[in-house]
Amino acid sequence: MSAATEPVLVIGARSDIARAIATEYARVGHPLWLAARNATGSNRDAADLALRTDAEVQSFDLDVTDLAAHDAFLAALPSTPATVVCAVGFLGDQEADAGDMDATQMVVATNFTGPALLLEKLAARMSERPGKSAIIGISSVAGDRGRAKNYVYGSAKAGFSAYLSGLRQKYAATGLQIMTVKPGFVRTSMTDGMDLPGPLTTDPDSFAARVVKAQRAGRVIYYDLRWRVLMSIIRLLPEKIFMKTKF
Amino acid sequence: MTQETLLEGWGRWPKRRCRVERLDPATAHEHAQALKAGAIARGMGRSYGDASMHPPLTLDALDRNRFIEFDDETGLLVAEAGVTLAEIIQTFLPKGWFPMVTPGTKFVTLGGAVAGDVHGKNHHRVGSFGDHVAWFDLLCADGKVRRCSTQSNQDLFLATIGGAGLTGHLLVVACHLKKVPSAWIRQRTLPAENLDAAIRSFEANHDATYSVAWIDCLARGDQLGRSLVLLGEHAEPEELDVKHRPNPFSVPVRRKKTMPLDAPSWSLNRWSLRAFNALYYRKGSAPPLERVIDYDRYFYPLDAILRWNRLYGARGFSQYQTAIPLENARDALAEQLELIAQSGLGSFLAVLKRFGPGSPQRPLSFPIEGYTLALDFPLSSAALTLMDQLDEITVAAGGRTYLMKDSRMSQKTFEAGYGDAVDAFRALRSDIGADRMFASLMSRRLGL
């Protein structure tokens, strides 16, 4: 666990989950570095977080899919952060995206390629820091088994989960903790418009509190128990049966 | 992304399937025009009836909840209209600031507080929420965002406060917070054996910062209107229990309980209600009559029971809140209480409160100088008939009922209660094209 004075870098800072997790860290005193597209300039999220938490908040422009710009982004950071939250996510539109080259590439670049390449560089630097550091990658239960409803997004998240798992093993001997988070249904702008089942749905604030608690306890996976049970069952279903279900 | 969602107000009746979109100023009007329908913005859905739903298009404003600016010299807070009072208190009470006016729930957005011109236990001293709004940004029917205040767009400013969201979509609100010495309230209970005693008690305690009475709506005869008048003052740190003095702004966290399911309809009847009310009065009249309690238990006793609206069962309930001008208040309230007690209908929580001067410059603002009575009725045909009878007494006494609680009054009753202001409001809506762009189930019911 890093000292509460160490900044937390939040990648994809515009998402509701990112905002909630950033708030949790800021409330215990961490300064925040928010990275998102067009983050500098008039940034309501930064002002809001600073007022809510009294934290020092800095904003950085980052388009995670602009791979060539990653180095410039890292160079712009004041130092190597001790904690990184990667909450980049883009659900896309399954029906429109499947079979569409640009759309599929966009979903994969946003959920997988961009975050993977950026975290690789960050991990290398963070592992050389003295003391402990942590990367929290927000993946998704959608990656646990491809489903007709969202398999473009789901397969990109499956790739991201596998990447985090590999990264974790690679740095197991260092002070760098890599934590995979698999949210189920969280009421956010991404799930807006879905009819979500109450018992499996949580709000971003309580979700964020549990994620941060898990990170501080040194855990490597945060996966809500109810979802873990549900997805284990779904994963174990023989393909012939799964094909006929409507999950 | 679009969905049809079954929406309801806090009273859980009526329920309607509504098309719900996020309130995005960039696209709000596009949606409305494509659908050829008016839209209404919705926050926490704490209005009791049909004010925050419109089946063709309801715009969810909850994710517009960023704080923008706070001036710790003047206490002026600027925030997006989806910010709730709960968030404001969580953020600013630790620094010694509290909303100037708060209703009985903290789960209300700034937008909702402005649109309802909500009032609290300090109305007799400081007026309603709108009295502490410096300005707001309103997305108008023509697609422009106008900053409204007493200096600019004054007509729109006045009509929007209490205007039930029907003049435009509130985007940003600037309102004042007040400096408080602690997160605690010193509460004094004054038992009043009947309505006259309760009114005397309010009139004698006009200086109290907060005052409200719990009233036994089922007591009759000499005890008609017996009440516990509760006065409140912000407590100074030295008045607190020793263990709280070092941190006067931190209060013990209450465990939230959730009403897990609808209460069965037989659980509320005249005997259980009468027994509850009698017991509550007896308990409240017993010492200690003065104690220091935290702000949460003082202002928001029901917020600790999430979804307490299930208490009244699946059929839902209606809250009847009436305001009667001072000169007629005693007689009209006595008449209404007698009718309610006779009917045996009524609720655990009936509330009586002295209003200070109202705001006639704001057409649809509810408070008028006098007394307001609020109580819940589980819905039934008997309750609906009773409320119609209560309406007649209200109107005859020159009073009105509160739009944010209402789901059932007729257009005629509404027009009689709010008088010429209704036409002024309609004229303003039509002048600025708001009648075509903004509508709710309530505006249709009341011909607004």
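**Cores and helix pairs in a two-chain model**

Student: Which residues does Ala213(B) touch, not counting residues up to four places away in sequence?
Tutor: Happy to start there. This is a predicted model, in which local features need pLDDT of at least 70, side-chain atom pairs count only at pLDDT 80 or more, and totals for chains, interfaces and linings use all residues. Residues are numbered from 1 along each chain as its sequence is written, with chains lettered from A and ligands numbered from 1 in the order in which they are written. Touching means that C-beta atoms, placed from the backbone, lie within 7 Å, and the partners of Ala213(B) are Ala198(B), Ser227(B), Leu228(B), Val229(B), Leu230(B), Val351(B), Leu352(B) and Lys353(B).

Student: Which strand gives the most to the largest nonpolar core?
Tutor: A nonpolar core joins buried Ala, Val, Leu, Ile, Met, Phe, Trp, Tyr and Cys residues through C-beta atoms within 7 Å, where buried means 20 or more other C-beta atoms within 10 Å of a residue's own (exposed is 12 or fewer, partly exposed is in between). The largest has 140 residues, and Val114(B), Val173(B) and Ala213(B) touch the most other members. With seven residues, the top contributor is strand E10 (residues 169–179) of chain B (strands are DSSP runs of at least two residues, helices of at least four).

Student: How many residues are in the second, separate core?
Tutor: Look at chain A for some of its members, including Ala46(A), Val88(A), Leu119(A) and Tyr163(A). The count for this core is 61 residues.

Student: Are H5(A) and H6(A) roughly parallel or oblique to each other?
Tutor: Axes are lines fitted to C-alpha atoms over the stretch in contact, with angles from 0 to 180 degrees between N-to-C directions. Helix H5 (residues 101–127) and helix H6 (residues 151–170) of chain A cross at roughly 10 degrees, their axes coming within 8 Å. Angles under 35 degrees count as roughly parallel, over 145 as roughly antiparallel, 65 to 115 as roughly perpendicular and the rest as oblique. H5(A) and H6(A) are therefore roughly parallel.

Student: And how are H6(B) and H9(B) placed to each other: roughly parallel or oblique?
Tutor: The axes of H6 (residues 195–204) and H9 (residues 326–343) of chain B come within 11 Å and cross at roughly 140 degrees. The pair is therefore oblique.

Student: Which residues of H6(B) make the contact with H9(B)?
Tutor: On the H9(B) side you will find Arg330(B), Leu333(B), Ala334(B) and Leu337(B). Facing them from H6(B) are Leu195(B), Asp196(B) and Ile199(B).

Technical notes: Two residues are in contact if their C-beta atoms, placed from the backbone, lie within 7 Å.
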